[in-house]
Amino acid sequence: MRACFTFSFLTVAMAAQAGSYPDLPQPIKFGSGALIGNTVYVGLGSAGNRFYALDLSRQQSQWQPIAEFPGGERQYAVAAALNGKLYIFGGLQQGENGLQVVNDAYRYDPRQNNWAKLDTGAPRGIVGAGSAVYQEKIYLLGGNNPEILGAYLHDYAAADHTEKEAVQQAYFEQRPQDYFFTAELLSYQPSDNRWRNEGSLPFSARTCAAVVGQGETVLVVSGAVKPGLNTANTQQGLIGKQRTEWKKLSDLPAVVGKTAEGLSGAAAGYSNGHYLIAGGSNFPGAQQQFRQGKLFAHQGLSRAWHNDIYTLKNGRWKRIGELTNGVSHAVTVSYDNNVLLIGGESHGGKALSAVQVLRYDGNGLIIE
């Protein structure tokens, strides 16, 4: 069990299972997963086509392998759970000519322990999208344009070592709007196998945002508005029958003494009525270079992984603690008033196997 750090004064006891979850059988970054009942499912990314399941309600429970994903190894796939089934959409896949964008959908049935390929594909780019579930729909927000990203990946893989720098320069030397990230809220309804356009987003399109749904409310925090450049912008949507009403919340603040760079791949969850945002990565200095007119905003900069934890209090974000180590792109689920960060990527691109547990009651934060 990892060490437990307590911030502020905490008098509420933790759930019996808090902090006692075993590490993944293997490190997983850029993976996908979701919670069905008491069981969390995690796989893909650096795990290849493997998936694992853990019953969170049982003491001494261990990760168990489930049927291998039939769609091949992939990363950045979007996952969601609805009506006892796990859904996987798209992602990036290694092909003969390097990474390529895939647009497909699969459903996993835990009772049968099998996967089925669905006769559908997303009508917009969803690599790097976030997801939320409400009633009978899976909502997807954000994502790369598949043609633009796919062309870059193809050209980079085909270039020799003398040409790769020029390919990178051409791709990154563009304005945010020229990447044509998905700017609509999409929904997929499994019952009739239909995609719907739920309306244009009244804020900058982005990828790798922290997205968390709580009932009819969906929270969108930060994310990349172009490769290497993030936004600190936060939005909250209320899903209605005809449209989703959005309102702007306060920006995610910078740590004292630093510029607000925003985050990509931060974890988002819900604990005892409080939203929690943790970790994420960025390129410190990218905002300054962009303001100075440099479109390749992260050129010459190094990626940083962060460990800050924030909560939304009285309409404003407040930093309430920090993780033991920086982490981004963890599979994140909320369960029994705990927020679980499973795997992810840390400093230097290291894939993680640990399960970190956060719990917050409005006064004190526990990290396991």
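Ser61 touches Pro22, Leu54 and Asp55, leaving aside residues up to four places away in sequence. This comes from a predicted model, so please read every value below as computed from that prediction. Ser61 sits in the loop between β4 (51-55) and β5 (64-65). With a relative accessibility of 10%, Ser61 counts as buried, because the cut-off for that word is under 20%. Pro22 lies 39 residues away from Ser61 along the chain, and the C-alpha atoms of the two are separated by 7.9 Å.

## Three more buried residues

Let us turn to Ser32, which is found in strand β2. Is Ser32 buried or exposed? Ser32 has a relative accessible area of 2% and is buried. Its side chain reaches the backbone oxygen of Ala77 at 2.7 Å. Ala77 also appears among the residues that Ser32 touches, when those up to four places away in sequence are not counted. That list includes Tyr41, Val42, Gly43 and Leu44, as well as Phe51, Val78, Ala79, Ile88 and Val331.

Next comes Glu184, a residue of strand β12 (residues 184-189). At 16% relative accessibility, Glu184 is counted as buried. Which side chain does Glu184 join through a polar contact of 3.1 Å? The partner is the side chain of Arg124. Beyond neighbours within four places in sequence, Glu184 is in contact with Arg124, Leu140, Asn197, Gly199, Ser200 and Leu201.

Gln235 belongs to strand β18 (residues 234-239). Its relative accessibility of 5% places Gln235 among the residues that count as buried. The side chain of Gln235 makes a polar contact with the side chain of Asn233, at 3.3 Å. Setting aside residues up to four places away in sequence, Gln235 touches Phe203, Val218, Leu219 and Val220, and also Trp246, Lys247 and Lys248. Ser302 is 67 residues from Gln235 in sequence, and the two are 28 Å apart in space, C-alpha to C-alpha.

Here are the side-chain polar contacts just described, side by side.

| Residue | Partner | Distance |
|---|---|---|
| Ser32 side chain | Ala77 backbone oxygen | 2.7 Å |
| Glu184 side chain | Arg124 side chain | 3.1 Å |
| Gln235 side chain | Asn233 side chain | 3.3 Å |

## A strand with two partners

Strand β24 covers residues 308-313, and 5 of its 6 residues are buried, so the strand is largely enclosed by the rest of the structure. How many bridges link β24 to strand β21 (residues 274-278)? There are 3 bridges, and the two strands pair in the antiparallel sense. Within this pairing, Ile277 has Tyr310 of β24 as its bridge partner.

Strand β25 (residues 316-322) also pairs with β24 in the antiparallel sense, over 6 bridges. Here Asp308 stands opposite Glu322 in β25. Together β24 and β25 form a hairpin with 2 residues between them. In that turn, Asn314 has a positive phi of about 55°.

## Two pockets

The largest pocket has a volume of about 1100 Å³. Its lining is made by 38 residues, and Gly33, Ala79, Ser131, Val211 and Thr332 lie nearest its centre. The elements giving two or more residues to this lining are β2 (32-36), β6 (78-82), β10 (130-134), β14 (210-214), β20 (267-271) and β26 (331-335). Which element gives the most? That is β14, with 5 residues. By type, the lining of the largest pocket holds 24 nonpolar residues, 14 polar ones and no charged ones.

The second largest pocket has a volume of about 740 Å³. A set of 31 residues lines it, of which Tyr76, Phe172, Pro227, Gly228 and Arg303 lie nearest the centre. Two or more residues of this lining come from each of α1 (146-158), α2 (164-172), β16 (224-226) and β17 (229-230). Of the elements, α1 gives the most to the lining of the second largest pocket, with 4 residues. This lining divides into 17 nonpolar, 11 polar and 3 charged residues.

Terms used
Residues are numbered from 1 along each chain as its sequence is written. This is a predicted model: local features need pLDDT of at least 70, side-chain atom pairs count only at pLDDT 80 or more; totals for chains, interfaces and linings use all residues. Side-chain values use heavy atoms; hydrogens and water are left out. Buried means under 20% relative accessible area, exposed over 50%, partly exposed in between (1.4 Å probe, protein chains only). Contact means heavy atoms within 4.5 Å. On a 1 Å grid over the protein atoms alone, a cavity is a set of points where a 1.4 Å probe fits but cannot get out, and a pocket is an open set with protein on both sides within 12 Å along at least five of seven lines; lining residues have an atom within 4 Å of a point. Grid points are joined across faces, edges and corners, and a volume is the space filled by probe spheres set on the points. Ala, Val, Leu, Ile, Met, Phe, Trp, Tyr, Cys and Pro count as nonpolar, Asp, Glu, Lys and Arg as charged, and the others, Gly among them, as polar. Two strands pair if DSSP finds at least two bridges between them. A polar contact is a pair of N or O atoms within 3.5 Å; within protein, one must be able to donate a hydrogen and the other to accept it, and residues adjacent in sequence count only if both atoms are side-chain atoms.
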